[in-house]
Every structure is written in C-alpha cells, then in structure tokens.
Amino acid sequence: NDDLKNALSDMNDALSKVEALIGAANIPGGTNTNTTFYDVLSTSEFYTYITALAARNVVSGYADRSFHPKANVTRAEFLKMALIARGRDTTAYQNSASPFADVPSFHALRPYINYAVANNIITGQTLNGARYYYPEKPITRAEATIILMRITGIAPGVATASRFFDV
C-alpha cells in the first residue's frame, strides 16, 4: 500500500513538472497560443471549464497570462468568482472602507468583500474587538458551501442526519 502511494506521488510530481515545462513553452509570444492561459493546456481536463469561466469574466488569471490551475483559491478569490458568476454588481462598494482590519483600502478584492458583508453573505470573525475576514487564507469546502448557499438564497433547512461521515 505504501509502495503504491509513493509511486502515485512520484507520478503526480513528474506530471506537474511536465505540465510546467509545457506551460513554460506556451508563454505569450510563443508558437502555441491555443489557450486563454498559457499554463492551462487544451488537453487538460479543466480546460473547458476554465476557458468558459474566463469567457464570462468569472476568472481572469494573472497579468502574465497564467492561471495557476493547481493553486489553492483564497477566500477573497472564491468570493469574487461566486459574486461575478451570480451577476452581482459591486460597483457601489468600490470606495467603501472595509469593516475588516485585514482588508486594507488597497486590497484589489475589497469591493467584493464589502458587497458580501453588506448583503450578509460573509460575516468574518471578531478577535479582541476587531473584525477579520482572512482574505488570503485558502478557502475550505465548508466555507465555500456557505457562501454559495447565501449568494443563491438557498436556505440550509434542517438536517436530520449527515450524508458525510466527517460532518
């Protein structure tokens, strides 16, 4: 069992290195420009989904035309994607001060965070009298679920039993 786990881990590491090399060869200005992001290959299982969301401006990637498909998503990034996907307009929150101590005025995703607070999508945490959102922290599946339910207006209901052994 351990040998199999080690072999799979080695294969995943090798695959990541190959994808990185291919992605590097697909840098803007190169000959292979068949993808929206140079590090999302058209043969990737995620290509269709990522390019569809990019076409709808739900995801935008980075300034160097990369997407980092295997990177974690932060709480602020997920919030932005979910709000844009639902067509929420955050324009009115561009210049609003954040109620969170860890979301400074120059934070690029502050309007999305401010919109979400004003519309009871997120609440943050209070610590020593200050409110925090932790925008750069990777989002958990549970946090993402709560955000999606609040954005879509799905009421949680009353659960009699969990379908998951770890909940």
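**Exercise 1. Decide whether T51 is buried or exposed, and find which backbone oxygens its side chain reaches.**

Solution. Begin with accessibility: T51 has a relative accessibility of 16%, and because a residue under 20% counts as buried, T51 is classed as buried. Next, place the residue in the chain, which in this predicted model puts T51 in helix α2. Then follow the side chain of T51, which reaches the backbone oxygen of Y47 at 2.8 Å and the backbone oxygen of T48 at 3.3 Å. Finally, compare these positions with the general geometry of a helix: an α-helix has 3.6 residues a turn, so residues three or four places apart point the same way.

**Exercise 2. Describe the order of the elements in the protein chain, and state where the pLDDT is lowest and highest among them.**

Solution. Start by counting the elements, which are 5 helices and 2 strands, and then read them from the N terminus on, where they run α-α-α-α-β-β-α. Of the 167 residues in the protein chain, 28% count as buried. Among contacts with a separation of 6 or more, 56% join residues that are 24 or more positions apart.

Turn next to confidence: the protein chain averages a pLDDT of 85, and 78% of the residues score at least 70. Among the elements, helix α1 (residues 2-25) has the lowest mean pLDDT, 60, whereas α4 has the highest, 97. Over residues 25-34 the pLDDT is below 50, and this stretch has 13 contacts in the model beyond near neighbours in sequence. As a caution for reading such regions, where pLDDT is low, the predicted coordinates should not be read in detail.

**Exercise 3. Work out how helix α3 is oriented relative to helix α4, and which residues meet between them.**

Solution. Take the axes to begin with: those of α3 (residues 75-85) and α4 (residues 110-118) come within 9 Å and cross at roughly 70 degrees. Because angles of 65 to 115 degrees count as roughly perpendicular, α3 is roughly perpendicular to α4.

Now list the residues on each side of the contact, where A76, L79, K80, L83 and I84 in α3 meet Y112, I113, Y115 and A116 in α4. Sorted by class, this contact has 8 nonpolar residues, no polar residues and 1 charged residue.

The last step is to ask how covered α4 is, and here 8 of its 9 residues are buried, namely R110, P111, Y112, I113, N114, Y115, A116 and V117. These buried residues of α4 pack against both α3 and β2.

**Exercise 4. Find where R75 lies, and determine which backbone oxygens are close to polar atoms of its side chain.**

Solution. First locate R75, whose place is in helix α3; at 11% relative accessibility it counts as buried, because the cut-off for that class is under 20%. Then look at the polar atoms of the R75 side chain: the backbone oxygen of Y133 lies 2.8 Å from one such atom, and the backbone oxygen of Y134 lies 3.2 Å from one. Leaving out residues up to four places away in sequence, R75 touches Y133, Y134, P135, K137, P138, I139 and E143.

One of these partners, P138, can now be examined from its own side. P138 lies in the loop between β2 (130-132) and α5 (141-152), and with 39% relative accessibility it counts as partly exposed. Apart from its neighbours within four places in sequence, P138 is in contact with N72, V73, T74, R75 and E143. In addition, P138 and A71 are 67 residues apart in sequence and 9.6 Å apart in space, from C-alpha to C-alpha.

**Exercise 5. Describe the phi angles of R65 and N120, and say where in the chain each residue lies.**

Solution. Recall the background before looking at the residues: most residues other than glycine have a negative phi. R65, which is not a glycine, nevertheless has a positive phi of about 70 degrees; it lies in the loop between α2 (47-55) and α3, and it is partly exposed, with a relative accessible area of 26%.

Continue with N120, which is also not a glycine and has a positive phi near 55 degrees. N120 comes just after α4, in the loop between α4 and β1 (125-127), and it is exposed, with a relative accessible area of 60%.

Notes. Residues numbered from 1 in each chain as written. Predicted model: local features only at pLDDT ≥ 70, side-chain atom pairs only at ≥ 80, totals over all residues. Heavy atoms only, no water. Axes fitted to C-alpha atoms, helices over the stretch in contact; angles between N-to-C directions. Helix = DSSP H or I, 4+ residues; strand = E, 2+ residues; numbered from the N terminus. Parallel < 35°, antiparallel > 145°, perpendicular 65-115°, else oblique. Contact = heavy atoms within 4.5 Å. Nonpolar A, V, L, I, M, F, W, Y, C, P; charged D, E, K, R; others polar. pLDDT = per-residue confidence, 0-100. Buried < 20%, exposed > 50% of the residue type's maximum accessible area, 1.4 Å probe, protein only. Polar contact = N/O pair within 3.5 Å; in protein donor to acceptor, adjacent residues only side chain to side chain.
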